[in-house]
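Here are my notes on the model, set out as numbered points for you to check against the coordinates. I begin with a single residue and then work outwards to the sheets and helices.

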Amino acid sequence: MRRRTLLAAGLAAGTPFPVLAQARQRPITVAQVFDASQQEQDVGKDFLIGSRAAWQDINARGGLRGRAVQHLNVEVDGTPASIRKAWQELKDNEACIALSGTVSDPVATQLTALLRQDGQAMAHVAPWLQNASVEADDHTFPIFAARQEQIAHALKSLSVIGVSEVGAVFASAREHDLYREDTARSAAELKLRMVPFRNTGDLSRLGQGLGPNSPALLLFVGGTPELVQFTQGLDRQARQRYVIALADVNLQTVTQMGGGRTTPVIATQAVPMVTASLPVVRRYREVMARLFDEPPVALSLAGFIAARYTFEVLQKIDGALTRQSVLAAFQRRAETDVGGYRVAFNEQRRSATFVTQTLLTADGRVVG
């Protein structure tokens, strides 16, 4: 974890890559707003590392039209004031032509609302926008499955194997208020009985205190630290449980923090498995191994894909790269193949159909 702390500090500094363009040219800047709050920092750091790796690899291969892309990292603490301040600074930065890979979900949600209010000609590309209720307008271009699609995928897999009920554990009041309705609707559509559990204090105590008649299969809506606490409570029970987590969870970190030691965890992901043979995944593994002392994980792969998708659209623009021309290019919402990861927008202006699942076994192995 010490290596991760040092790396995160360097990322937050936003150190630009070596300039490949001529000194007189205005730099091409793509900004990434990331959440460093305690609640979301694990998600933010992993996603940011993946994006950083992608942009560094792009620049090493000649950049954009022979010019380096400055990947500007903008740290926020998740509060509305910090997000407004970051947005104001980016609006005033004339070199910034787009926002790419905003993370976490709460920050992406708030930034989407700010762009809508201001009506600025700035593309908000591939944010980690997990909230399905947020409308994707003419400025925001989500390419990852939201929680509603993840939940539907997870519950559908349960209905296929004959499960009739599932527990839904909400790590906080916020998750409960945001996602209970989506979860209940998805369960009802699949004719599953949903039993909700809302955390009101200690997640470990909640896990330990589940009664004998509660469901053996539990859908967990929350982050990695919260999941660890909950499974540590479940580990004290005699009855075997299975937990299905959503895409904000890092299974490697769950293992490192001592979670899921006797409780199998299934992680629902919005990207291909990190062991997949798709060209973009192979490239991701190679770049991560070469540039960072970091294992491949789903969230950093998502950050890598976000940056690569941004680059794929940018390099097809004819003429000057301005905020207006960049926004217009993304607004066409053309189907794009990002090394085997297909981006194709639907009527809701989202490209959100790709969902996979990976199993963390009780003995600490990740199987996918």
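1. Leu 218 is a buried residue, since its relative accessible area is 0%, and the cut-off for that term is under 20%. Please keep in mind throughout that this is a predicted model. Leu 218 has its place in strand β8, which covers residues 217–221. Leaving aside residues up to four places away in sequence, Leu 218 touches Gly 167, Val 169, Phe 197, Leu 210, Phe 230, Leu 234, Arg 241, Tyr 242, Val 243 and Ile 244. With Ala 31, by contrast, the C-alpha separation is 38 Å, and the two residues lie 187 residues apart along the chain.

2. In which sheet should β8 be placed? An open sheet of seven strands, with mixed pairing, has the order β7-β6-β8-β9-β10-β13-β14. The edges are taken by β7 (193–198) and β14 (366–367), each of which has a single partner strand, so one side of each is left without a neighbour in the sheet. As general background, strands of a sheet pair through backbone hydrogen bonds, in either the parallel or the antiparallel sense.

3. At the β7 end of this sheet, strand β6 (residues 165–170) runs parallel to β7 and is joined to it by six bridges. Within that pairing, Val 169 has Phe 197 of β7 as its bridge partner, and both Val 169 and Phe 197 are among the residues that Leu 218 touches. Helix α6 (residues 173–189) lies across β6, β7 and β8, and its direction is at about 175 degrees to that of β7.

4. Further along the sheet, strand β10 (residues 265–269) has four of its five residues buried, so this strand is largely enclosed by the rest of the structure. Strand β9 (residues 242–245) pairs with β10 in the parallel sense over three bridges, and there Ala 245 stands opposite Ala 267. With strand β13 (residues 356–360), on the other hand, β10 pairs in the antiparallel sense over five bridges. The bridge partners in β13 include Leu 359 for Ile 266 and Thr 358 for Ala 267, which places Ala 267 opposite Ala 245 of β9 as well as Thr 358 of β13.

5. The two faces of β13 deserve a separate look, given that in a regular strand the side chains alternate between the two faces of the sheet. Thr 356, Thr 358 and Leu 360 form the covered face of β13, while Gln 357 and Leu 359 form the uncovered one. β13 also pairs with β14, in the antiparallel sense and over two bridges, with Leu 359 standing opposite Val 367 of β14.

6. There is also an open sheet of five strands, in the order β2-β1-β3-β4-β5, and its pairing is parallel. Its edges are β2 (69–76) and β5 (140–141), each with a single partner strand, so one side of each is left without a neighbour in the sheet. Inside this order, strand β3 (residues 96–100) and strand β4 (residues 123–125) pair in the parallel sense over three bridges, and Ser 100 has Val 125 of β4 as its bridge partner. Helix α3 (residues 80–92) packs on this sheet, where it touches β1, β2 and β3, and its direction makes about 155 degrees with that of β2.

7. Helix α2 likewise lies across β1 (28–35) and β2, running at about 170 degrees to β2. Of the 20 residues of α2, 15 are buried, so the helix is largely enclosed by the rest of the structure. Its length can be checked: at 1.5 Å a residue, α2 (residues 41–60) should span 28 Å, and its end C-alpha atoms are 28 Å apart, which agrees. Just after α2, Gly 62 takes a positive phi of about 110 degrees.

8. How do the axes of α11 and α12 cross? Helix α11 (residues 298–314) and helix α12 (residues 323–331) have axes that come within 10 Å and cross at roughly 105 degrees, and the two helices are therefore roughly perpendicular to each other. From α11 the contact is made by Tyr 309, Thr 310, Val 313 and Leu 314, and from α12 by Val 326, Ala 329 and Phe 330. Sorted by class, this contact has six nonpolar residues, one polar residue and no charged residues.

Conventions
Residues are numbered from 1 along each chain as its sequence is written. This is a predicted model: local features need pLDDT of at least 70, side-chain atom pairs count only at pLDDT 80 or more; totals for chains, interfaces and linings use all residues. Side-chain values use heavy atoms; hydrogens and water are left out. Axes are lines fitted to C-alpha atoms, for helices over the stretch in contact, and angles run from 0 to 180 degrees between N-to-C directions. Angles under 35 degrees count as roughly parallel, over 145 as roughly antiparallel, 65 to 115 as roughly perpendicular and the rest as oblique. Contact means heavy atoms within 4.5 Å. Ala, Val, Leu, Ile, Met, Phe, Trp, Tyr, Cys and Pro count as nonpolar, Asp, Glu, Lys and Arg as charged, and the others, Gly among them, as polar. The expected span of a helix is 1.5 Å times one less than its number of residues. Buried means under 20% relative accessible area, exposed over 50%, partly exposed in between (1.4 Å probe, protein chains only). Two strands pair if DSSP finds at least two bridges between them.
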